[in-house]
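Trainee: I am new to this structure and would like a close look at its salt bridges. Could you walk me through them, and then show me what surrounds them?

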Amino acid sequence: MHELSLNVSSQECANISTLSFNASDIPRSIQHLSITIQNIYDEGFVEEMGILKSTIDVGNLRTLMIFGYHDARISNIFKDTFEELKGLRVLFIPMYTPKSLPNRFSNLIHLQHLKISSPYSKHMTLPRALSRFYHLKFLDLEHWCCSANLPKDISRLVNLRHFHSSKELHSCIPEVGRMKCLHELKEFIIKKEHVGFELRELGELRELGGKLSICNLETVASKGEASDAKLKNKRNLKGLRLVWGTEHQTIDDDVLDGLRPHPNLRVLGIINAGVAPCPSWLCGDIITKRLVSFHLEGVSWGTLPPFEQLSHLTSLSLKNIAGMRVFGPGFSGVTEKSFMHLKTVVFQDMPELVEWVGEPNSQLFSRLESISFGDCPLLCSFPFLECSGRFSNLCALVIHNCPELSQLPPMPHTSALTHMSVRNAGSFLSYDGNKFTIEGYNGALAFHNMDKVQVMQIGNVSHISLSDLRNLNSLRNLDVKKCESMFSSELDDSVSLHSVQFLDLKELCITGDVFSKLLKCFPSLCHLTIEGCKSLVLLPVEDGGGLSDLRMLQSFNVLSCNKMFSRWPMGEVGGAHTIKPFPHSLWKINICTDSSIKSMALFSNLTSLTYLYLISCEELTMDGFNPLITVNLKGLCIFNLSIDKQRFSIGADLVSEVASARLIHDGSFELESLRVDSFSAVLVAPICNHLAGTLHTLALYDQQAETFTEEQEQALQLLTSLHHLKFCQCTSLQSLPQGLHRLSSITELVISGCHKIRSLPPKEGLPTSLQKLEVTYCSPELIEQADKLKRGQHIFRH
């Protein structure tokens, strides 16, 4: 069918979607043209567009649609090509500059459908000529992201039916009542100090449908003035929000009575009506019996609407209702026959609400799908606490800052509950059907209803054991923090979590023996992270056990664990006293801030390593280093941020060892990312020559070097594939490399914590390829220079 439609319309419709199009393929009889363009072009495209101008009858075009980003040059090409437009009915055009519109845009008086888009952060206004298009029926500004100022005479578009835009634009139409054909107005703000924003303007919009918000109703003085909106005549209106200011306190206010809507209304919101009485059309014989959603906020009505009459209601939201202490049958307009179809209920900011009462056998509960409580400090009871089994369809439960609701049934109460959030001071429980998070929450849990959980985060609780998780067959990620009691019970072969591949242990006080037993519970573990377990000591095991038994382990991360390797003997590679704690399968190791690791011999068997990160391991030495562990490295990060400037750089030693082992000359050392704390370790010609084809990221953390030597400057120029260059915490460095501008592949330059650098490179300056400049925690002079560059060249930022 698609091919048939293309064939049938080929003489009238065409699409240009490539820069290499042939203008001669476009028939002269074309009437409907679309162009999809990118911000790339060549002279061939310019030439073909010139041919197109003379090939087709531009004046005969009825539709022109331009899609995609383009700059000022392409805009000028389009303006020249379509200079003779005059009979256009449909125009889609992105406005990237104030000059993007066709030359004779204001003469397109036959337009019926217009769509204008713009990028963010552009200071442009809509063309004043908009109000000339008297025949316009469809105006699409949905993707207009610039100024919300409309032409003052925009209401001249009396034939406009559909105005797609943000509510901010809708609320800025003066004398909107003149646009009698308008089908939707998202927001109307009453502004008595401005002509054309009185409530009577709405009274003229007989075709109004969709959803409408009326704001600043506190400025309306009487029921008669409110009646001027003629809401009761708007049979197509489906949603209505009536909004007063937060300070509205008038007692004898019958404005709400005058805002009676049409019975067809489906969605109603009344916000901040204050102490004004409940209107007769809502609190007596309800007019809007077809309501499916009702939001009531900021009122103090003695009696709420008789909800029994709202038989179609599926969503109820009550917020800040003064005087409401009890909700349920016999209270607040609720009877046993109320809410027979209710699916969603929200109570928000209810400072006096104490109880939601209900009969255990009520049909209401079996239909509810979502319950939300927020900031109800006195609420202590609702039916779910006593008969959770009746809430079989409940799939969302939110309880925030309701401290008296602390004794919930085991959660989640059914497997259907896939969105849950319970938050009070010091405790948090969250579940989205995939990720389960518990922090300081002591309530009961129903693990048998968590069959879909893939990620579990457990923190600061004492009533969960590892055996509770044994039946979670979908569990892949387990994160445990401050839960020593979770492993205090006897761990044996009966507890095995085969599905877990990622394990994070944080701030635990456990012994090495317990840790060894714990690892046996995760036979499929691939990624292990241990963070802040400052007393944990990894026990040496010569005949297997511990980490070495994890045959599927791929990555191992240790962060701020001061004693992890303190019991491990250090020695030479292959020595009798060298025990290797890690399995051969490891391809990534990241150890940060651990003074207990003292020898590279611990890694000597890891010849499959792809990433090696050793950061601030102050006691680490090259003893027992095996150069073969570097042959597969793609990423190497090895540095110390030490105030002791007399210490040698372990990074420099490692690179030198690799060089002396001739691995570089064998072509086996092909790093893509290197972070090291010594200029001299890297910036030497033999090393840079080898890394020239692969290294794309270089970060230098040298705290001792003050300047670059001529040899180092020359070596840096050899890194022809370098894209990201970073100088971090180089606290003694006084200037950047003078030849920085010759690094033609650099796209990102980062300077952080280099306090003695006062200026960017002089003369030639920075590489022309640079797209991002980031300067942080540096001298004020350097930051100011970066700021000037940022203002002068929009591709930079700091």
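Mentor: Happy to! Let us begin with a term: a residue is called buried when its relative accessible area is under 20%, exposed when that area is over 50%, and partly exposed in between. Keep in mind as well that this is a predicted model.

By that yardstick Lys 482, with a relative accessible area of 41%, is partly exposed. Its partner is Glu 507, and the two side chains meet in a salt bridge with an N to O distance of 3.6 Å. Glu 507 sits in the loop between β24 (502-506) and α10 (512-519), while Lys 482 belongs to the loop between β23 (477-481) and β24, so their pairing ties together parts that are 25 residues apart in sequence. Glu 507 is partly exposed too, at 34% relative accessible area. The pair also has company: Lys 481, Lys 482 and Glu 507 are linked in a network of salt bridges.

Now turn to Glu 748 and Lys 772, whose side chains form a salt bridge at 3.5 Å, N to O. Here the link runs between strands: Glu 748 is in β33 (residues 748-752) and Lys 772 in β34 (residues 772-776), so the bridge ties together parts 24 residues apart in sequence. Glu 748 has a relative accessible area of 12%, so it counts as buried. Lys 772 is partly exposed, with 22% relative accessibility.

Another bridge joins Asp 285 to Lys 289, with the closest N and O atoms 2.7 Å apart. Asp 285 is exposed, at 54% relative accessible area, and Lys 289 is partly exposed, at 33%. A search of the whole structure finds 17 salt bridges, and the ones I have described are among them.

It also helps to see a charged residue without such a partner. Asp 140, in strand β6 (residues 138-140), is buried yet has no salt bridge. The nearest side chain of opposite charge is Lys 115, 4.2 Å away; a salt bridge would need a nitrogen and a carboxyl oxygen within 4 Å. A polar atom of the Asp 140 side chain does lie 2.9 Å from the backbone nitrogen of Glu 142. Beyond its sequence neighbours within four places, Asp 140 is in contact with Leu 114, Lys 115, Ile 116 and His 164.

Finally, let us look at the nonpolar side of things. In soluble globular proteins, nonpolar side chains tend to be buried together. The largest nonpolar core in this model has 235 residues, and Met 456, Leu 466, Leu 478 and Phe 727 have the most contacts inside it. Helix α11 (residues 650-660) gives the most to this core, with five residues, and at least three residues come from each of domain 1 (1-165) and domain 2 (322-406 + 415-434). Setting aside neighbours within four places in sequence, Met 456 is in contact with residues including Phe 436, Phe 447, Leu 469 and Leu 478. A second, separate core has eight residues, among them Cys 592, Cys 637, Ala 699 and Tyr 701.

One last residue to find is Ile 438, in strand β21 (residues 435-439). Ile 438 is buried, at 1% relative accessibility. With neighbours within four places in sequence left out, its contacts include Phe 428, Leu 445, Ile 458 and His 463.

Definitions and conventions: Residues are numbered from 1 along each chain as its sequence is written. This is a predicted model: local features need pLDDT of at least 70, side-chain atom pairs count only at pLDDT 80 or more; totals for chains, interfaces and linings use all residues. Side-chain values use heavy atoms; hydrogens and water are left out. A nonpolar core is a set of buried Ala, Val, Leu, Ile, Met, Phe, Trp, Tyr and Cys residues joined through side-chain atoms within 4.5 Å. Buried means under 20% relative accessible area, exposed over 50%, partly exposed in between (1.4 Å probe, protein chains only). Helices (H or I, at least four residues) and strands (E, at least two) are DSSP runs, numbered from the N terminus. Domain bounds come from an automatic or database domain assignment. Contact means heavy atoms within 4.5 Å. Lys and Arg count as positive and Asp and Glu as negative; His and the chain ends are not counted. A polar contact is a pair of N or O atoms within 3.5 Å; within protein, one must be able to donate a hydrogen and the other to accept it, and residues adjacent in sequence count only if both atoms are side-chain atoms.
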